[in-house]
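Me: I would like to learn how to read a sheet and the helices around it from a set of coordinates. Could you take me through one example, step by step?

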Amino acid sequence: MTAPLLKSIHPRFIQGGRCRLFTALWSARDARGGVLLCNQIGPDYAACYKTGRLLAAIAVAGGWSCLRFDYAGWGDSEGEGTEYSVGDWMDDIAAACHQLKQTGVRKVYLCGFGFGAALAAKYASQADDVSGLIFWDPVIDGRDYAASLRQRRSRWLRGSFARPSQNDRAVQSLGFVARGDLAHQMGRIRLMELKTPPAPRVLIVAGSGDGQAALLAGRLSELGAEVAIEPHGSDARVVLAMRAIGDWLNQ
Amino acid sequence: MIAIAETPVVIGPTGLTGIISQPAQGRCARPGIILVSAGSTHRSGPNRVYTRLARQLAGRGYCCCRFDLAGIGDSPARTGGAFREGARHELTGVMDTLADTTGNDRFVLLGLCSGADVALDAAAEDPGVVGLVLINGALVTGDRFAELYHAAEARTLRRLYRKRLWSPYAWARLLSGRSGFWRRLRTRAGEKPRPRSNRAGGGFGLRPDSRFHALAARGVDIFLLYSEGSVFRDVYAMALKASLSRSYPQNRLRVATYKHVDHTFTLLSAQQRLASDVLDWLESGHDGQKEGLK
């Protein structure tokens, strides 16, 4: 499955909300639709990069084109995290969505990892062109996530040789720099407070026993979305979860 | 700093994904710089260190390429063969692409962690490589590397414990039984005794191999960088330091150690120091072009 994919990857920069964004497109011939991967932010960004690549492989094998992009100030996109807000990242999702549609697809699904899932949900609830959402370990409450980032950073610092400078303290969370008010902005995203379904169909992929994910599924069902939950756990379960995503997309 | 341009590229028949950063105008007269994938992290590098470094170097007139080795980031997996051998071939392909794109035929390879070892392998064989920046790399091979690694790790841990002697938080965790120290102690209790960490590198049968001899013969400049929090700083001290200082031309070797910095340069201040030192090394003539660069 890997070899044909290689030939179809198209890395390029596109214009995002306020700067150029790195994108990688995997095209499927006569695509049924497109999947836009919304990355995690924070220290888990690199960890979920491979997951996105594998998911793209599964999506393309199932006949879906897939676009990955980096938010402004992240990865290979222009700028630094200190320059951009959550609002800018919403604009980046819109730009990437537009880019995906330029390939000719009509149906667009967003697949978000961690806080990327929260951003995808926020974008979808404001747009009318998202056919479905896939949440992988979604951040349900931005306040909790911002607090957990702070805790992880202080725990890491206590067990590390690294000694932060004053500048590091002001702007940084574990290698990634961010605006001083980012935690406040993140805190305003709470998926349990959504008033309308962000998309007609939602698949939540979460650790088995993730009570928060079950609560989110319940809430989205109440709002009228068609919701499914797929557990993941060990490596083997992750592969199964990916296959389940492929099946769910094709339903 | 001058304006830069970045262009994504798909490299070679295997389709590796990379990004070339270069000055927006004018030719790159300086050696091309290739940033070799660090561990399993994609081309941005751990904590985005490669992206920032490539842009700063491009802003000073260098053409840089950061890319994903096969099976990492957006690059397809290798279909067969060992990692080191495959990675060396892929790196040759990247040098060819950078040469075609920018006209450079001389290169400096920069690698962090396993990227340093891949860079060293490739540099030993490719006459186009005129400089190496090796950051927290193992750089030694041999049957007894595992033993050396364990001994080096013990030295690193002792350094960490010494540093934490003054931390009330660490004492609280130790006394409440939550410290990783107890876990390590339990694990070690069930293992056979490990070699003492103060044994010299020669005791492990490890010494600079033929790669360094080849580089010395070609006059390749090397910049070795180690951070306090990296176990490879101790591997260097135990297995490489003495012999390299005897066998490698000292005017072509610079070594720097960073205090208060972890293995992957997590903090932005550490990344800034790294970029500044690499630029200083490049511009002081250690890039295969001894004159006319400053």
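Reply: What follows goes from the sheet to its strands and then to the helices, and it should be kept in mind throughout that this is a predicted model.

Me: Where do I begin with the sheet, and what is the order of its strands?

Reply: Begin by following the pairing from strand to strand. In chain A this gives an open sheet of eight strands with mixed pairing, in the order S1-S2-S4-S3-S5-S6-S9-S10. Strands S1 (9-15) and S10 of chain A stand at the edges, and because each has a single partner strand, one side of each is left without a neighbour in the sheet. Neighbouring strands are turned by 20° against each other on average, when direction is ignored.

Me: Do S1(A) and S2(A) run parallel or antiparallel, and how many bridges join them?

Reply: S1(A) and S2(A) (residues 20-26) run antiparallel and are joined by seven bridges; within this pair, Ile9(A) has Trp26(A) as its bridge partner.

Me: Which strands pair with S9(A)?

Reply: S9(A) pairs in parallel with S6(A) (residues 132-136) through five bridges, and also in parallel with S10(A) (residues 226-232), here through seven. To place these pairings on residues, look at Val202(A), the partner of Leu133(A), and at Glu230(A), the partner of Val205(A). The connection can be read as well, since S9(A), helix H8(A) (residues 211-222) and S10(A) make a right-handed β-α-β unit.

Me: Why is S9(A) described as largely enclosed?

Reply: A residue is called buried if 20 or more other C-beta atoms lie within 10 Å of its own. Five of the seven residues of S9(A) (residues 201-207) are buried, so the strand is largely enclosed by the rest of the structure.

Me: How should I read a helix such as H2(A), and which of its residues are buried?

Reply: An α-helix has 3.6 residues a turn, so residues three or four places apart point the same way. The buried residues of H2(A) include Thr51(A), Leu55(A), Ile58(A) and Ala59(A). As a check on length, the 13 residues of H2(A) (residues 49-61) should span 18 Å at 1.5 Å a residue, and the end C-alpha atoms are 19 Å apart, which agrees. H2(A) is followed by Gly63(A), whose phi is positive, near 95°.

Me: Which strands does helix H3(A) lie across, and at what angle does it run to S4(A)?

Reply: H3(A) (residues 86-101) lies across S1, S2, S3, S4 and S5 of chain A, and its direction is at about 150° to that of S4(A).

Key
Residues numbered from 1 in each chain as written. Chains lettered and ligands numbered in written order. Predicted model: local features only at pLDDT ≥ 70, side-chain atom pairs only at ≥ 80, totals over all residues. Buried ≥ 20, exposed ≤ 12 C-beta atoms within 10 Å, placed from the backbone. Helix = DSSP H or I, 4+ residues; strand = E, 2+ residues; numbered from the N terminus. Pairing = 2+ DSSP bridges. Right-handed = clockwise from strand over helix to strand, strands pointing away. Expected span 1.5 Å × (residues − 1). Axes fitted to C-alpha atoms, helices over the stretch in contact; angles between N-to-C directions. Contact = placed C-beta atoms within 7 Å.
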